[in-house]
Amino acid sequence: MIFKEILSVAMMSFIGKAVASCDFATKDGFSCCKKCDVVLVDDNGKWGVEDNQWCGIDSSCDKKDDSKCWSEAEGYPCCSSNTAVVLTDSKGKWGIENGDWCGIIETSTQNPNDDSCWASGLGYKCCSGCDVILSDSNGKWGFDFETNDWCGIIESKCNTQTEPTEPTEPTEPTNPDDSTSVGGQTAPGWTPGNDQVLPGYLSTKGHNIVDSKGRKVQLSGLSWFGGETTNLSPHGLWTNSLANFIKIVKDNGYNHLRYPWTNEMFFEGAKTQSIDQMNNPDLVDLSPLEVMDAVINECGKAGLKVYLDRHRPLSGGQSELWYVDEVDEAKWIEDWQFLAKRYKGNPTVIGADLHNEPHGKACWGCGEEERDWRLAAERCGNAIHEVNPDWLIIVEGNDHYGEEGWQKGESYWWGGMLKGVKEFPVRLNTPNKLVYSAHDYDKNVHMQDWFKEADFPDNMPPIWDDKWGYIVKEDIAPVLIGEFGSLLRDATDVKWLSNLIDYMKENEVHWTFWCLNPNSGDTEGILGYDWKTVNTKKDGILTPGKAPNFLL
(Lines give C-alpha, C1' and ligand atoms only; values in the text may rest on other atoms or scores of the structure.)
Protein backbone atom coordinates (compact mmCIF):
# COMPACT_ATOMS: atom_id res chain seq x y z
CA MET A 1 0.00 0.00 0.00
CA ILE A 2 1.44 3.38 -1.00
CA PHE A 3 0.28 6.49 0.78
CA LYS A 4 1.01 10.15 0.20
CA GLU A 5 2.64 11.18 3.47
CA ILE A 6 2.50 10.45 7.17
CA LEU A 7 2.00 14.02 8.45
CA SER A 8 0.85 17.06 6.53
CA VAL A 9 3.02 20.18 6.34
CA ALA A 10 0.38 21.96 8.42
CA MET A 11 0.66 19.43 11.21
CA MET A 12 4.43 19.63 11.08
CA SER A 13 4.16 23.40 11.50
CA PHE A 14 1.79 22.94 14.42
CA ILE A 15 4.25 20.69 16.19
CA GLY A 16 6.79 23.42 15.60
CA LYS A 17 10.29 23.52 14.32
CA ALA A 18 11.36 25.30 17.48
CA VAL A 19 11.23 22.06 19.45
CA ALA A 20 12.65 19.95 16.66
CA SER A 21 15.86 19.63 14.77
CA CYS A 22 17.53 18.21 11.69
CA ASP A 23 20.88 19.89 12.34
CA PHE A 24 22.69 16.70 11.39
CA ALA A 25 21.51 17.29 7.80
CA THR A 26 21.76 21.07 7.51
CA LYS A 27 25.37 21.15 8.72
CA ASP A 28 26.30 19.04 5.70
CA GLY A 29 24.34 21.16 3.27
CA PHE A 30 21.13 19.12 3.14
CA SER A 31 17.67 20.55 3.77
CA CYS A 32 15.13 19.30 6.32
CA CYS A 33 12.36 17.10 4.95
CA LYS A 34 8.87 18.52 4.83
CA LYS A 35 7.47 15.04 5.45
CA CYS A 36 8.36 12.17 7.71
CA ASP A 37 8.88 9.28 5.28
CA VAL A 38 12.10 7.53 6.32
CA VAL A 39 14.16 6.01 3.51
CA LEU A 40 17.50 5.49 5.28
CA VAL A 41 18.79 5.48 8.84
CA ASP A 42 22.52 5.94 9.50
CA ASP A 43 24.75 7.07 12.38
CA ASN A 44 23.76 10.72 11.77
CA GLY A 45 20.00 10.27 11.83
CA LYS A 46 17.00 9.52 9.67
CA TRP A 47 16.92 10.49 6.00
CA GLY A 48 14.20 10.91 3.41
CA VAL A 49 14.10 11.83 -0.28
CA GLU A 50 12.14 14.80 -1.62
CA ASP A 51 12.41 16.31 -5.10
CA ASN A 52 15.01 13.60 -5.86
CA GLN A 53 17.33 15.02 -3.17
CA TRP A 54 18.30 13.63 0.23
CA CYS A 55 16.85 15.51 3.20
CA GLY A 56 17.02 15.08 6.96
CA ILE A 57 13.98 13.79 8.86
CA ASP A 58 13.05 16.36 11.48
CA SER A 59 13.12 15.08 15.05
CA SER A 60 9.54 16.30 15.45
CA CYS A 61 8.53 13.27 13.41
CA ASP A 62 9.47 11.10 16.37
CA LYS A 63 6.83 12.78 18.48
CA LYS A 64 3.77 11.56 16.60
CA ASP A 65 0.92 10.84 19.02
CA ASP A 66 -0.41 7.38 18.13
CA SER A 67 -3.47 7.97 20.31
CA LYS A 68 -4.79 10.46 17.74
CA CYS A 69 -6.18 9.67 14.33
CA TRP A 70 -2.92 9.57 12.40
CA SER A 71 -4.59 8.23 9.24
CA GLU A 72 -6.54 11.46 8.67
CA ALA A 73 -3.32 12.92 7.27
CA GLU A 74 -3.53 10.19 4.63
CA GLY A 75 -7.14 11.05 3.77
CA TYR A 76 -8.65 8.14 5.72
CA PRO A 77 -10.64 8.06 8.98
CA CYS A 78 -9.62 5.99 11.96
CA CYS A 79 -11.29 2.68 12.65
CA SER A 80 -13.70 1.99 15.45
CA SER A 81 -12.50 -0.25 18.24
CA ASN A 82 -11.86 -3.96 17.64
CA THR A 83 -11.46 -3.56 13.87
CA ALA A 84 -9.26 -6.32 12.48
CA VAL A 85 -5.81 -5.47 11.13
CA VAL A 86 -5.77 -6.02 7.36
CA LEU A 87 -2.42 -4.46 6.50
CA THR A 88 0.63 -3.13 8.34
CA ASP A 89 2.96 -0.73 6.55
CA SER A 90 5.43 1.97 7.46
CA LYS A 91 2.60 4.34 8.44
CA GLY A 92 0.80 2.06 10.86
CA LYS A 93 -1.90 -0.59 10.96
CA TRP A 94 -4.90 -0.48 8.64
CA GLY A 95 -8.37 -2.00 8.70
CA ILE A 96 -11.42 -1.87 6.45
CA GLU A 97 -14.79 -0.41 7.47
CA ASN A 98 -17.75 0.31 5.21
CA GLY A 99 -15.72 -0.79 2.21
CA ASP A 100 -12.88 1.68 2.74
CA TRP A 101 -9.54 1.84 4.54
CA CYS A 102 -9.25 3.18 8.08
CA GLY A 103 -6.32 3.65 10.43
CA ILE A 104 -6.07 1.60 13.60
CA ILE A 105 -5.09 3.51 16.72
CA GLU A 106 -2.72 1.31 18.62
CA THR A 107 -3.06 0.92 22.33
CA SER A 108 -1.82 -2.63 22.58
CA THR A 109 -1.60 -5.45 20.07
CA GLN A 110 -4.33 -7.39 21.79
CA ASN A 111 -6.15 -6.63 25.03
CA PRO A 112 -5.19 -9.50 27.31
CA ASN A 113 -8.52 -9.11 29.15
CA ASP A 114 -10.61 -9.30 26.00
CA ASP A 115 -12.10 -12.75 25.57
CA SER A 116 -13.87 -12.02 22.26
CA CYS A 117 -12.78 -13.89 19.15
CA TRP A 118 -10.62 -11.26 17.48
CA ALA A 119 -9.67 -13.69 14.70
CA SER A 120 -13.24 -13.81 13.37
CA GLY A 121 -12.67 -10.44 11.75
CA LEU A 122 -9.97 -12.09 9.65
CA GLY A 123 -12.13 -15.05 8.68
CA TYR A 124 -10.84 -17.54 11.25
CA LYS A 125 -12.22 -19.18 14.39
CA CYS A 126 -10.58 -18.91 17.78
CA CYS A 127 -8.74 -21.82 19.36
CA SER A 128 -10.03 -23.92 22.22
CA GLY A 129 -6.44 -24.38 23.41
CA CYS A 130 -3.45 -22.16 24.02
CA ASP A 131 -0.60 -23.66 21.98
CA VAL A 132 0.99 -20.80 20.04
CA ILE A 133 2.42 -21.70 16.62
CA LEU A 134 3.17 -18.17 15.44
CA SER A 135 2.63 -14.52 16.29
CA ASP A 136 2.09 -11.63 13.91
CA SER A 137 0.77 -8.07 14.04
CA ASN A 138 -2.78 -9.33 14.55
CA GLY A 139 -2.11 -11.56 17.54
CA LYS A 140 -1.15 -15.11 18.43
CA TRP A 141 -2.19 -18.04 16.27
CA GLY A 142 -2.69 -21.74 16.87
CA PHE A 143 -3.77 -24.60 14.64
CA ASP A 144 -6.99 -26.64 14.84
CA PHE A 145 -6.25 -30.13 13.54
CA GLU A 146 -9.93 -31.10 13.49
CA THR A 147 -10.82 -28.35 10.99
CA ASN A 148 -7.31 -28.30 9.45
CA ASP A 149 -7.23 -24.52 9.78
CA TRP A 150 -5.61 -21.65 11.66
CA CYS A 151 -7.28 -20.28 14.81
CA GLY A 152 -6.71 -17.24 17.00
CA ILE A 153 -5.42 -17.56 20.57
CA ILE A 154 -7.62 -15.74 23.11
CA GLU A 155 -5.03 -14.44 25.54
CA SER A 156 -7.47 -13.73 28.35
CA LYS A 157 -8.23 -17.46 28.51
CA CYS A 158 -4.60 -18.41 28.33
CA ASN A 159 -2.84 -15.84 30.49
CA THR A 160 -2.55 -18.23 33.41
CA GLN A 161 -0.84 -20.87 31.32
CA THR A 162 2.83 -21.04 30.45
CA GLU A 163 3.49 -20.30 26.82
CA PRO A 164 5.77 -22.82 25.11
CA THR A 165 9.33 -21.59 24.77
CA GLU A 166 9.56 -22.86 21.20
CA PRO A 167 6.82 -22.74 18.55
CA THR A 168 4.73 -25.88 18.43
CA GLU A 169 4.55 -27.26 14.92
CA PRO A 170 2.49 -30.10 13.48
CA THR A 171 4.55 -33.29 13.52
CA GLU A 172 3.26 -34.24 10.09
CA PRO A 173 2.38 -31.03 8.26
CA THR A 174 -0.22 -32.36 5.85
CA ASN A 175 -2.09 -29.05 5.79
CA PRO A 176 -1.20 -27.02 2.68
CA ASP A 177 -1.75 -23.78 4.59
CA ASP A 178 1.06 -24.59 7.04
CA SER A 179 3.18 -21.44 6.93
CA THR A 180 6.27 -23.30 8.10
CA SER A 181 6.34 -25.13 4.78
CA VAL A 182 6.72 -22.03 2.63
CA GLY A 183 10.07 -20.48 3.33
CA GLY A 184 9.27 -18.99 6.72
CA GLN A 185 6.07 -17.11 5.79
CA THR A 186 4.11 -16.36 8.93
CA ALA A 187 0.95 -14.68 7.71
CA PRO A 188 -2.00 -17.05 8.08
CA GLY A 189 -3.89 -15.42 5.26
CA TRP A 190 -5.02 -12.23 3.60
CA THR A 191 -8.23 -10.30 3.82
CA PRO A 192 -10.26 -8.92 0.92
CA GLY A 193 -9.35 -5.63 -0.61
CA ASN A 194 -11.92 -2.93 -1.24
CA ASP A 195 -13.71 -4.74 -4.06
CA GLN A 196 -17.04 -3.06 -4.69
CA VAL A 197 -17.16 -3.39 -8.47
CA LEU A 198 -17.99 -7.07 -8.83
CA PRO A 199 -18.51 -8.59 -5.37
CA GLY A 200 -18.70 -12.31 -4.79
CA TYR A 201 -17.19 -15.14 -6.82
CA LEU A 202 -17.31 -16.19 -10.45
CA SER A 203 -18.73 -19.37 -11.94
CA THR A 204 -19.46 -20.69 -15.42
CA LYS A 205 -22.68 -21.29 -17.32
CA GLY A 206 -22.20 -22.90 -20.69
CA HIS A 207 -19.56 -20.88 -22.51
CA ASN A 208 -20.01 -17.84 -20.25
CA ILE A 209 -18.44 -16.75 -17.00
CA VAL A 210 -21.10 -15.34 -14.66
CA ASP A 211 -21.06 -13.44 -11.39
CA SER A 212 -22.85 -14.38 -8.18
CA LYS A 213 -26.07 -12.89 -9.57
CA GLY A 214 -25.87 -14.89 -12.79
CA ARG A 215 -24.90 -11.90 -14.94
CA LYS A 216 -22.54 -12.53 -17.87
CA VAL A 217 -18.99 -11.29 -17.24
CA GLN A 218 -16.23 -10.48 -19.72
CA LEU A 219 -12.61 -10.83 -18.59
CA SER A 220 -10.24 -8.55 -20.52
CA GLY A 221 -6.90 -7.85 -18.89
CA LEU A 222 -3.12 -8.02 -18.89
CA SER A 223 -0.34 -10.30 -17.72
CA TRP A 224 2.25 -8.58 -15.54
CA PHE A 225 5.24 -10.89 -15.51
CA GLY A 226 8.30 -11.03 -13.28
CA GLY A 227 7.09 -13.11 -10.37
CA GLU A 228 8.14 -16.22 -12.27
CA THR A 229 11.68 -14.91 -12.93
CA THR A 230 14.65 -14.66 -10.60
CA ASN A 231 13.23 -11.30 -9.48
CA LEU A 232 10.35 -13.21 -7.81
CA SER A 233 8.28 -10.04 -8.17
CA PRO A 234 6.64 -8.15 -11.04
CA HIS A 235 9.10 -6.35 -13.28
CA GLY A 236 9.22 -2.57 -13.31
CA LEU A 237 9.00 -2.06 -9.56
CA TRP A 238 12.55 -0.77 -9.88
CA THR A 239 11.32 2.35 -11.70
CA ASN A 240 7.62 2.93 -10.97
CA SER A 241 5.39 2.42 -7.98
CA LEU A 242 2.91 -0.42 -7.56
CA ALA A 243 0.11 2.10 -7.15
CA ASN A 244 0.99 3.77 -10.46
CA PHE A 245 1.07 0.46 -12.33
CA ILE A 246 -2.37 -0.49 -11.04
CA LYS A 247 -3.69 2.97 -11.91
CA ILE A 248 -2.44 2.57 -15.50
CA VAL A 249 -4.21 -0.79 -15.82
CA LYS A 250 -7.44 0.56 -14.36
CA ASP A 251 -7.44 3.90 -16.18
CA ASN A 252 -7.01 2.20 -19.55
CA GLY A 253 -10.07 -0.01 -19.12
CA TYR A 254 -8.57 -3.41 -18.32
CA ASN A 255 -10.37 -5.34 -15.61
CA HIS A 256 -7.88 -7.92 -14.36
CA LEU A 257 -4.26 -8.98 -14.03
CA ARG A 258 -2.69 -12.38 -14.56
CA TYR A 259 0.09 -12.84 -11.98
CA PRO A 260 2.77 -15.37 -13.05
CA TRP A 261 4.70 -17.14 -10.29
CA THR A 262 7.26 -19.87 -9.80
CA ASN A 263 7.49 -22.47 -7.04
CA GLU A 264 10.87 -20.96 -6.19
CA MET A 265 8.99 -18.22 -4.34
CA PHE A 266 8.30 -20.85 -1.67
CA PHE A 267 11.90 -22.05 -1.35
CA GLU A 268 13.67 -21.42 1.93
CA GLY A 269 15.25 -17.95 1.95
CA ALA A 270 13.51 -16.79 -1.25
CA LYS A 271 13.89 -13.03 -1.73
CA THR A 272 12.74 -10.53 -4.30
CA GLN A 273 15.19 -8.55 -6.40
CA SER A 274 15.26 -5.07 -7.96
CA ILE A 275 12.43 -3.43 -6.02
CA ASP A 276 13.37 0.23 -5.68
CA GLN A 277 13.41 1.77 -2.19
CA MET A 278 12.26 5.19 -3.38
CA ASN A 279 9.43 4.02 -5.63
CA ASN A 280 8.20 1.17 -3.44
CA PRO A 281 9.42 1.62 0.14
CA ASP A 282 6.62 -0.58 1.50
CA LEU A 283 7.57 -3.50 -0.77
CA VAL A 284 11.35 -3.55 -0.64
CA ASP A 285 11.69 -5.73 2.45
CA LEU A 286 8.76 -8.03 1.72
CA SER A 287 9.02 -11.69 0.77
CA PRO A 288 7.85 -12.82 -2.70
CA LEU A 289 4.61 -14.04 -1.17
CA GLU A 290 4.02 -10.75 0.60
CA VAL A 291 4.62 -8.84 -2.65
CA MET A 292 1.96 -11.03 -4.25
CA ASP A 293 -0.31 -10.08 -1.34
CA ALA A 294 0.40 -6.40 -1.94
CA VAL A 295 -0.36 -6.57 -5.68
CA ILE A 296 -3.61 -8.41 -5.01
CA ASN A 297 -4.58 -5.93 -2.33
CA GLU A 298 -3.86 -2.95 -4.59
CA CYS A 299 -5.90 -4.55 -7.38
CA GLY A 300 -8.77 -5.17 -4.98
CA LYS A 301 -8.86 -1.53 -3.95
CA ALA A 302 -8.97 -0.49 -7.61
CA GLY A 303 -11.77 -2.94 -8.45
CA LEU A 304 -9.54 -5.21 -10.55
CA LYS A 305 -9.58 -9.01 -10.41
CA VAL A 306 -6.49 -11.24 -10.35
CA TYR A 307 -5.87 -14.81 -11.35
CA LEU A 308 -2.65 -16.60 -10.46
CA ASP A 309 -0.56 -18.31 -13.11
CA ARG A 310 1.90 -21.02 -12.12
CA HIS A 311 4.20 -20.08 -14.95
CA ARG A 312 7.26 -22.20 -14.17
CA PRO A 313 8.37 -24.71 -11.57
CA LEU A 314 11.81 -23.01 -11.55
CA SER A 315 12.69 -19.48 -12.57
CA GLY A 316 15.19 -20.65 -15.19
CA GLY A 317 12.64 -21.42 -17.88
CA GLN A 318 9.48 -23.15 -19.05
CA SER A 319 8.93 -26.86 -18.45
CA GLU A 320 7.18 -29.28 -20.79
CA LEU A 321 5.41 -31.06 -17.95
CA TRP A 322 3.87 -29.68 -14.77
CA TYR A 323 6.69 -31.13 -12.67
CA VAL A 324 10.49 -31.31 -12.64
CA ASP A 325 12.93 -33.08 -10.36
CA GLU A 326 13.11 -30.16 -7.93
CA VAL A 327 9.34 -29.57 -7.87
CA ASP A 328 7.37 -32.80 -8.14
CA GLU A 329 3.63 -33.10 -8.65
CA ALA A 330 2.95 -33.30 -4.92
CA LYS A 331 4.79 -30.00 -4.36
CA TRP A 332 2.97 -28.40 -7.29
CA ILE A 333 -0.39 -29.30 -5.77
CA GLU A 334 0.71 -28.42 -2.23
CA ASP A 335 1.77 -24.91 -3.26
CA TRP A 336 -1.46 -24.38 -5.17
CA GLN A 337 -3.49 -25.47 -2.15
CA PHE A 338 -1.52 -23.08 0.04
CA LEU A 339 -2.35 -20.14 -2.23
CA ALA A 340 -5.98 -21.22 -2.58
CA LYS A 341 -6.35 -21.34 1.19
CA ARG A 342 -4.44 -18.09 1.70
CA TYR A 343 -6.78 -16.13 -0.57
CA LYS A 344 -9.96 -17.96 0.31
CA GLY A 345 -12.63 -15.38 1.07
CA ASN A 346 -10.91 -12.71 -1.03
CA PRO A 347 -13.12 -11.88 -4.05
CA THR A 348 -10.22 -10.15 -5.80
CA VAL A 349 -8.56 -13.50 -6.58
CA ILE A 350 -10.75 -15.39 -9.04
CA GLY A 351 -8.81 -18.48 -10.01
CA ALA A 352 -5.79 -20.60 -10.81
CA ASP A 353 -4.06 -21.01 -14.19
CA LEU A 354 -2.64 -24.40 -13.22
CA HIS A 355 0.47 -24.61 -15.43
CA ASN A 356 1.74 -22.42 -18.22
CA GLU A 357 2.12 -23.84 -21.73
CA PRO A 358 2.34 -27.64 -21.41
CA HIS A 359 4.08 -28.98 -24.50
CA GLY A 360 6.42 -31.65 -25.84
CA LYS A 361 5.93 -34.75 -23.71
CA ALA A 362 2.67 -33.42 -22.29
CA CYS A 363 -0.20 -35.26 -23.98
CA TRP A 364 -3.97 -34.74 -23.79
CA GLY A 365 -6.00 -37.88 -23.25
CA CYS A 366 -3.23 -40.46 -23.76
CA GLY A 367 -3.95 -41.96 -20.33
CA GLU A 368 -0.32 -42.08 -19.14
CA GLU A 369 -0.35 -40.61 -15.65
CA GLU A 370 3.16 -39.17 -15.80
CA ARG A 371 2.48 -37.09 -18.93
CA ASP A 372 -1.31 -36.79 -19.49
CA TRP A 373 -1.85 -33.11 -18.81
CA ARG A 374 -5.63 -33.44 -18.79
CA LEU A 375 -5.50 -35.99 -15.95
CA ALA A 376 -2.96 -33.90 -14.00
CA ALA A 377 -5.20 -30.83 -14.33
CA GLU A 378 -8.07 -32.83 -12.86
CA ARG A 379 -5.97 -33.92 -9.88
CA CYS A 380 -4.73 -30.43 -9.17
CA GLY A 381 -8.04 -28.68 -9.82
CA ASN A 382 -9.94 -31.01 -7.53
CA ALA A 383 -7.28 -30.62 -4.82
CA ILE A 384 -7.62 -26.83 -5.01
CA HIS A 385 -11.38 -27.07 -4.71
CA GLU A 386 -11.01 -29.16 -1.56
CA VAL A 387 -9.70 -26.05 0.21
CA ASN A 388 -11.28 -23.28 -1.90
CA PRO A 389 -14.33 -24.20 -3.98
CA ASP A 390 -14.84 -20.58 -5.08
CA TRP A 391 -11.97 -20.43 -7.56
CA LEU A 392 -12.18 -20.87 -11.30
CA ILE A 393 -9.82 -23.60 -12.50
CA ILE A 394 -8.08 -22.47 -15.68
CA VAL A 395 -6.67 -25.29 -17.79
CA GLU A 396 -4.42 -24.52 -20.74
CA GLY A 397 -4.11 -26.78 -23.74
CA ASN A 398 -0.92 -28.54 -24.83
CA ASP A 399 0.83 -28.10 -28.19
CA HIS A 400 -0.40 -31.06 -30.27
CA TYR A 401 -3.44 -33.19 -31.02
CA GLY A 402 -3.01 -36.95 -31.14
CA GLU A 403 0.08 -38.87 -30.23
CA GLU A 404 1.71 -38.31 -33.60
CA GLY A 405 0.96 -34.62 -33.57
CA TRP A 406 3.93 -33.52 -31.52
CA GLN A 407 6.47 -34.78 -34.07
CA LYS A 408 4.78 -34.97 -37.46
CA GLY A 409 1.05 -34.41 -37.14
CA GLU A 410 -1.20 -31.59 -36.05
CA SER A 411 0.57 -29.05 -33.86
CA TYR A 412 -0.15 -25.60 -32.48
CA TRP A 413 1.23 -23.04 -30.04
CA TRP A 414 2.48 -24.19 -26.65
CA GLY A 415 -0.61 -24.25 -24.44
CA GLY A 416 -2.83 -23.47 -27.42
CA MET A 417 -4.15 -26.86 -28.59
CA LEU A 418 -7.54 -27.67 -27.09
CA LYS A 419 -8.84 -29.95 -29.82
CA GLY A 420 -8.74 -32.93 -27.45
CA VAL A 421 -11.38 -31.39 -25.18
CA LYS A 422 -14.18 -32.73 -27.38
CA GLU A 423 -13.22 -36.35 -26.68
CA PHE A 424 -11.43 -35.90 -23.35
CA PRO A 425 -12.94 -33.03 -21.34
CA VAL A 426 -11.52 -32.05 -17.96
CA ARG A 427 -13.69 -33.44 -15.15
CA LEU A 428 -13.87 -31.44 -11.93
CA ASN A 429 -15.81 -32.51 -8.86
CA THR A 430 -17.04 -28.95 -8.29
CA PRO A 431 -19.37 -28.00 -11.15
CA ASN A 432 -19.39 -24.74 -13.11
CA LYS A 433 -15.82 -23.73 -12.29
CA LEU A 434 -13.84 -24.89 -15.35
CA VAL A 435 -12.33 -22.47 -17.88
CA TYR A 436 -10.18 -23.66 -20.79
CA SER A 437 -7.30 -21.43 -21.83
CA ALA A 438 -5.30 -21.19 -25.07
CA HIS A 439 -2.30 -19.10 -26.15
CA ASP A 440 -2.13 -17.57 -29.63
CA TYR A 441 0.57 -15.42 -31.21
CA ASP A 442 1.54 -13.80 -34.46
CA LYS A 443 4.39 -14.46 -36.90
CA ASN A 444 6.95 -12.45 -34.89
CA VAL A 445 6.99 -15.18 -32.23
CA HIS A 446 7.32 -18.10 -34.66
CA MET A 447 6.64 -18.45 -38.40
CA GLN A 448 3.83 -21.02 -38.45
CA ASP A 449 2.59 -22.57 -41.70
CA TRP A 450 -0.72 -20.69 -41.64
CA PHE A 451 1.11 -17.37 -41.67
CA LYS A 452 2.49 -18.25 -45.13
CA GLU A 453 -0.90 -18.70 -46.77
CA ALA A 454 -1.95 -16.12 -49.35
CA ASP A 455 -5.07 -15.04 -47.47
CA PHE A 456 -3.37 -14.49 -44.09
CA PRO A 457 -4.56 -13.08 -41.73
CA ASP A 458 -8.14 -13.55 -42.96
CA ASN A 459 -7.56 -17.31 -42.87
CA MET A 460 -7.37 -17.35 -39.07
CA PRO A 461 -11.02 -17.67 -37.88
CA PRO A 462 -11.43 -21.26 -39.16
CA ILE A 463 -8.09 -22.17 -37.52
CA TRP A 464 -9.21 -20.66 -34.23
CA ASP A 465 -12.53 -22.53 -34.56
CA ASP A 466 -10.69 -25.80 -35.00
CA LYS A 467 -8.14 -25.44 -32.20
CA TRP A 468 -10.18 -23.82 -29.41
CA GLY A 469 -13.08 -21.72 -30.69
CA TYR A 470 -15.46 -24.68 -31.07
CA ILE A 471 -15.54 -24.97 -27.26
CA VAL A 472 -17.45 -21.69 -26.96
CA LYS A 473 -19.41 -22.10 -30.18
CA GLU A 474 -20.74 -25.46 -28.98
CA ASP A 475 -21.41 -24.00 -25.51
CA ILE A 476 -19.12 -26.54 -23.82
CA ALA A 477 -17.25 -24.16 -21.50
CA PRO A 478 -15.73 -20.68 -21.40
CA VAL A 479 -12.43 -20.09 -23.20
CA LEU A 480 -9.82 -17.59 -22.05
CA ILE A 481 -7.01 -16.62 -24.41
CA GLY A 482 -4.47 -16.35 -21.62
CA GLU A 483 -1.66 -15.00 -23.81
CA PHE A 484 -1.55 -13.22 -27.14
CA GLY A 485 0.57 -10.33 -28.31
CA SER A 486 2.38 -8.68 -31.17
CA LEU A 487 5.17 -6.27 -31.99
CA LEU A 488 2.88 -4.74 -34.66
CA ARG A 489 5.74 -4.52 -37.11
CA ASP A 490 3.61 -4.31 -40.22
CA ALA A 491 0.05 -4.07 -41.52
CA THR A 492 -0.53 -7.83 -41.37
CA ASP A 493 0.36 -7.82 -37.66
CA VAL A 494 -2.20 -5.08 -37.07
CA LYS A 495 -4.82 -6.96 -39.08
CA TRP A 496 -4.08 -10.24 -37.26
CA LEU A 497 -4.56 -8.59 -33.85
CA SER A 498 -7.67 -6.72 -34.96
CA ASN A 499 -9.18 -9.92 -36.37
CA LEU A 500 -8.50 -11.79 -33.13
CA ILE A 501 -10.13 -9.07 -31.01
CA ASP A 502 -13.17 -9.10 -33.32
CA TYR A 503 -13.38 -12.92 -33.13
CA MET A 504 -13.17 -12.94 -29.35
CA LYS A 505 -15.74 -10.20 -28.96
CA GLU A 506 -18.18 -11.85 -31.35
CA ASN A 507 -17.89 -15.23 -29.62
CA GLU A 508 -17.64 -14.01 -26.00
CA VAL A 509 -14.12 -15.31 -25.54
CA HIS A 510 -12.21 -13.95 -22.55
CA TRP A 511 -8.67 -12.65 -22.86
CA THR A 512 -5.49 -11.62 -21.07
CA PHE A 513 -3.06 -9.75 -23.30
CA TRP A 514 0.68 -10.44 -23.10
CA CYS A 515 1.63 -8.13 -21.56
CA LEU A 516 1.84 -4.98 -19.42
CA ASN A 517 5.66 -5.13 -19.46
CA PRO A 518 7.71 -3.61 -22.30
CA ASN A 519 10.54 -6.14 -21.82
CA SER A 520 9.03 -9.17 -23.54
CA GLY A 521 11.41 -9.57 -26.48
CA ASP A 522 9.11 -11.05 -29.11
CA THR A 523 6.00 -9.01 -28.30
CA GLU A 524 6.95 -6.07 -26.07
CA GLY A 525 3.88 -4.79 -24.21
CA ILE A 526 1.34 -2.10 -23.45
CA LEU A 527 3.93 0.09 -21.74
CA GLY A 528 6.94 1.72 -23.32
CA TYR A 529 10.44 1.26 -21.97
CA ASP A 530 9.98 4.09 -19.51
CA TRP A 531 7.43 1.78 -17.82
CA LYS A 532 4.90 4.63 -17.78
CA THR A 533 3.88 5.57 -21.32
CA VAL A 534 1.05 3.55 -22.87
CA ASN A 535 1.47 2.26 -26.42
CA THR A 536 -1.70 3.84 -27.77
CA LYS A 537 -1.60 1.84 -31.01
CA LYS A 538 -1.74 -1.52 -29.23
CA ASP A 539 -4.12 -0.28 -26.58
CA GLY A 540 -6.41 1.16 -29.23
CA ILE A 541 -6.68 -2.14 -31.08
CA LEU A 542 -7.59 -3.90 -27.83
CA THR A 543 -10.13 -1.28 -26.73
CA PRO A 544 -13.19 -2.70 -28.59
CA GLY A 545 -12.79 -5.91 -26.61
CA LYS A 546 -12.46 -4.32 -23.18
CA ALA A 547 -15.10 -4.49 -20.45
CA PRO A 548 -14.02 -2.04 -17.73
CA ASN A 549 -17.10 -2.83 -15.63
CA PHE A 550 -16.95 -6.58 -16.36
CA LEU A 551 -20.60 -7.01 -17.34
CA LEU A 552 -21.63 -7.80 -20.90
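This is a short talk on a few parts of the structure above: a strand, the helices around it, the nonpolar cores and some salt bridges.

Okay, hi everyone. One thing before I start: this is a predicted model, so please keep that in mind throughout.

Let me begin with strand β16, which covers residues 256–262. How many of its residues are buried? Seven of its seven, so to speak the full set. If you look at the side chains, His256, Arg258, Pro260 and Thr262 point one way, while Leu257, Tyr259 and Trp261 point the other way. Both groups are buried.

Now, who sits beside β16? On one side of the story we have strand β15, residues 220–223, which runs parallel to β16 and is joined to it by two bridges. If you want a spot to click on, Leu222 has Leu257 of β16 as its bridge partner. Then there's strand β17, residues 305–312, also parallel to β16, and here seven bridges do the joining. Thr262 stands opposite Arg312 of β17.

The connections are worth tracing too. Go from β15 through helix α4, residues 242–251, to β16, and you've followed a right-handed β-α-β unit. Keep going from β16 through helix α5, residues 288–302, to β17, and that makes a right-handed β-α-β unit as well.

Let's stop at α4 for a moment. Which of its residues are buried? They are Leu242, Phe245, Ile246, Ile248 and Val249. Looking down the axis of α4, those buried residues fall within an arc of 155°, so they line one face of the helix. Here's the general background: an α-helix has 3.6 residues a turn, so residues three or four places apart point the same way. What covers the buried residues of α4? The cover includes β15, β16 and α5, elements we've just walked through. Over on the other side of α4, Lys247 and Asp251 are exposed. And just after the helix, Gly253 takes a positive phi of about 90°.

Next, the cores. The largest nonpolar core has 97 residues. Those with the most contacts inside that core are Leu308, Trp336, Leu339, Leu354, Trp468 and Phe484. Take Trp468: leaving aside neighbours within four places in sequence, its contacts include Tyr412, Leu418, Ala438, Val479, Ile481, Leu500 and Val509. Asp440 is in contact with Trp468 too. Apart from this core lies another one, of twelve residues, among them Leu202, Tyr307, Val435 and Phe550.

On to charges. As a general point, side chains of opposite charge can pair when their charged atoms come close. Searching the whole structure turns up 25 salt bridges, and I'll show you three.

The first one I picked takes us back to β16. Glu396 forms a salt bridge with Arg258, and the closest N and O atoms are 3.5 Å apart. Glu396 lies in strand β19, residues 392–396, and Arg258 in β16, so this pair ties together parts that are 138 residues apart in sequence. Are these two buried or exposed? Glu396 counts as buried because its relative accessibility is 0%, and Arg258, also at 0%, counts as buried too. Both belong to a network of salt bridges that links Arg258, Asp309, Asp353, Glu396 and Glu483.

Next up is Glu329 with Arg379, a salt bridge at 2.8 Å from N to O. Glu329 is in helix α6, residues 329–342, and Arg379 is in helix α7, residues 373–387, so the pair ties together parts 50 residues apart in sequence. Glu329 is partly exposed, at 21% relative accessibility, and Arg379 is partly exposed as well, with 24%.

And then Lys419 with Asp466, where the closest N and O atoms are 3.1 Å apart. Lys419 lies in the loop between β21 and β22, and Asp466 in helix α8, residues 460–473, so here the parts tied together are 47 residues apart in sequence. Asp466 counts as partly exposed, at 29%.

One last stop: Asn507, which is in helix α9, residues 491–507. Why does Asn507 count as buried? Because its relative accessible area is 13%, and buried means under 20%. Beyond its neighbours within four places in sequence, Asn507 is in contact with His207, Val472 and Lys473.

That's my tour, thanks for listening.

Note on methods:
Residues numbered from 1 in each chain as written. Predicted model: local features only at pLDDT ≥ 70, side-chain atom pairs only at ≥ 80, totals over all residues. Heavy atoms only, no water. Core = buried A, V, L, I, M, F, W, Y, C linked by side-chain atoms within 4.5 Å. Buried < 20%, exposed > 50% of the residue type's maximum accessible area, 1.4 Å probe, protein only. Contact = heavy atoms within 4.5 Å. Helix = DSSP H or I, 4+ residues; strand = E, 2+ residues; numbered from the N terminus. Pairing = 2+ DSSP bridges. Right-handed = clockwise from strand over helix to strand, strands pointing away. Arc of directions from axis to C-beta. Salt bridge = Lys/Arg side-chain N within 4 Å of Asp/Glu carboxyl O.
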